[in-house]
Amino acid sequence: MKSFSIVIPDQKDITQDQEFFILEQNGITQEIKIHDYDKIFSVPGLYEELLMNKLQCNSPRVMKNVVEFISKNYFIPITEMSVLEIGAGNGLIGEKLRQLDVPHLVGQDISQIACDAAMRDQPKIYDKYIVGDLSDSNGEVFSKLKDTSSINCLIAVGSLGFSDISTKGFSNALNIVEPGGLLAISIKEEFLLSDNQTGFGKFIDSLISENFLEKICEIRYVHRLATSGKPIFYIVLCCRKLR
Ligand SMILES: C[S@@+](CC[C@H](N)C(=O)[O-])C[C@H]1O[C@@H](n2cnc3c(N)ncnc32)[C@H](O)[C@@H]1O
């Protein structure tokens, strides 16, 4: 049984990163931002109740279907996939990938609390879960990744942009994917516009025009509902890394 209850007050004219909900637990009531992942991951079952049940998040299911599709159609059988999932949180995406029988899965997140939550909620999902900052290409994340088998698939869901993974961190992660490997990222649709301030649109456009990435497909879908009840659209962008 849940040890908490949540209420999502109606919020109009509020940006995605300012949305909040009210948590009631052990007689204490507090307001928490939906992007305050560490606070949310600290309460078992809260991320699932908030994102999956109340806000009807589709991303884990969509990413599972997309990975199955690109594997079948771009000649990397699921049984040969070695996946790095960046910004893995408490492991909801990893759980779906394992349902496909992905044999090798490494998770990464900047937050030790996210890692602890993944070990608590999905203890057998990741072969390895690395905590650290992707923007430091000489840092601990990359020295730990050197000990893993080569990566032929990079996944990111809801972890690019805002104050999460930057283009630099994403670029460093992309550099460790072997040539011919696949990439599937789910990102807020505005972030892919060429003039968006996150820089993702411009950066990915340049990788494609310089033949570093080949675009396979782009799928627009409802990531989740906003607190106002309106749909929030994300894009899953799939590419092959050419070199
Ligand atoms: C919206 S959650 C998504 C979690 C998971 N991908 C999912 O879909 O359930 C964003 C995650 O990105 C992580 N994150 C934020 N900044 C990061 C960074 N610089 N490097 C790696 N992970 C980061 C957060 O700690 C959080 O776990």
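Two strands pair if DSSP finds at least two bridges between them. The exercises below apply this definition, and others, to a predicted model.

**Exercise 1. Strand pairing**

Task: Determine which residue in β3 stands opposite L23, and how many bridges join β2 to β3.

Solution.
Step 1. Strand β3 comprises residues 28-33, and 6 bridges join β2 to this strand. Since at least two bridges are required, the two strands pair.
Step 2. The direction of β2 and β3 is antiparallel.
Step 3. Within this pairing, L23 stands opposite Q30 in β3.
Step 4. The connection between β2 and β3 is a hairpin with 2 residues between the strands. In its turn, N26 has a positive phi of about 50°.
Step 5. On β2 there is also a pairing with β1: 4 bridges join β1 (residues 4-7) to β2 (residues 20-25), and these strands run antiparallel. Here S5 stands opposite E24 in β2.

**Exercise 2. Two domains and their contact**

Task: State which residue ranges form domain 1 and domain 2, and how many residues of domain 1 are in contact with domain 2.

Solution.
Step 1. The domain assignment gives domain 1 as 4-54 and domain 2 as 59-241.
Step 2. The centres of the two domains, taken over C-alpha atoms, are separated by 24 Å.
Step 3. Contact involves 16 residues of domain 1 and 14 residues of domain 2.
Step 4. On the side of domain 1 that touches domain 2, the elements giving two or more residues are α1 (37-41) and α2 (46-54). The largest share, 3 residues, comes from α1.
Step 5. By class, this side of domain 1 divides into 7 nonpolar, 4 polar and 5 charged residues.

**Exercise 3. The largest nonpolar core**

Task: Identify which strand gives the most to the largest nonpolar core, and which residues I155 is in contact with beyond its sequence neighbours.

Solution.
Step 1. The largest nonpolar core has 63 residues. Among those with the most contacts inside this core are M63, V83, I155 and A184.
Step 2. Strand β8 (residues 177-188) gives the most to this core, with 6 residues.
Step 3. Each of domain 1 and domain 2 supplies at least three residues to this core.
Step 4. Once neighbours within four places in sequence are left aside, I155 is in contact with M63, V83, E85, I93 and A184.

**Exercise 4. Buried or exposed?**

Task: Decide whether D147, Q56 and F75 count as buried or exposed.

Solution.
Step 1. A residue is exposed if 12 or fewer other C-beta atoms lie within 10 Å of its own.
Step 2. D147 is found in the loop between α6 (140-146) and β7 (151-157). This residue has 8 C-beta neighbours inside 10 Å and therefore counts as exposed.
Step 3. Q56 lies in the loop between α2 and α3 (59-73). Because Q56 has 12 C-beta neighbours inside 10 Å, it counts as exposed.
Step 4. F75 is found in the loop between α3 and β4 (82-86). With 11 C-beta neighbours inside 10 Å, F75 counts as exposed.
Step 5. The backbone adds a further detail. Q56 has a positive phi of about 50° although it is not a glycine, and F75, also not a glycine, has a positive phi of about 60°.

**Exercise 5. The ligand shell**

Task: Find which residues come nearest to the ligand, and how the shell divides by class.

Solution.
Step 1. There are 20 residues around the ligand, of which G87, G89, I110, S159 and D164 come nearest.
Step 2. The shell has 10 nonpolar, 7 polar and 3 charged residues.

Methods:
Residues are numbered from 1 along each chain as its sequence is written. This is a predicted model: local features need pLDDT of at least 70, side-chain atom pairs count only at pLDDT 80 or more; totals for chains, interfaces and linings use all residues. A residue is near a molecule or strand if its C-beta atom, placed from the backbone, lies within 6 Å of it. Ala, Val, Leu, Ile, Met, Phe, Trp, Tyr, Cys and Pro count as nonpolar, Asp, Glu, Lys and Arg as charged, and the others, Gly among them, as polar. Domain bounds come from an automatic or database domain assignment. Two residues are in contact if their C-beta atoms, placed from the backbone, lie within 7 Å. A nonpolar core is a set of buried Ala, Val, Leu, Ile, Met, Phe, Trp, Tyr and Cys residues joined through C-beta atoms within 7 Å. A residue is buried if 20 or more other C-beta atoms lie within 10 Å of its own, exposed if 12 or fewer, and partly exposed in between; C-beta atoms are placed from the backbone.
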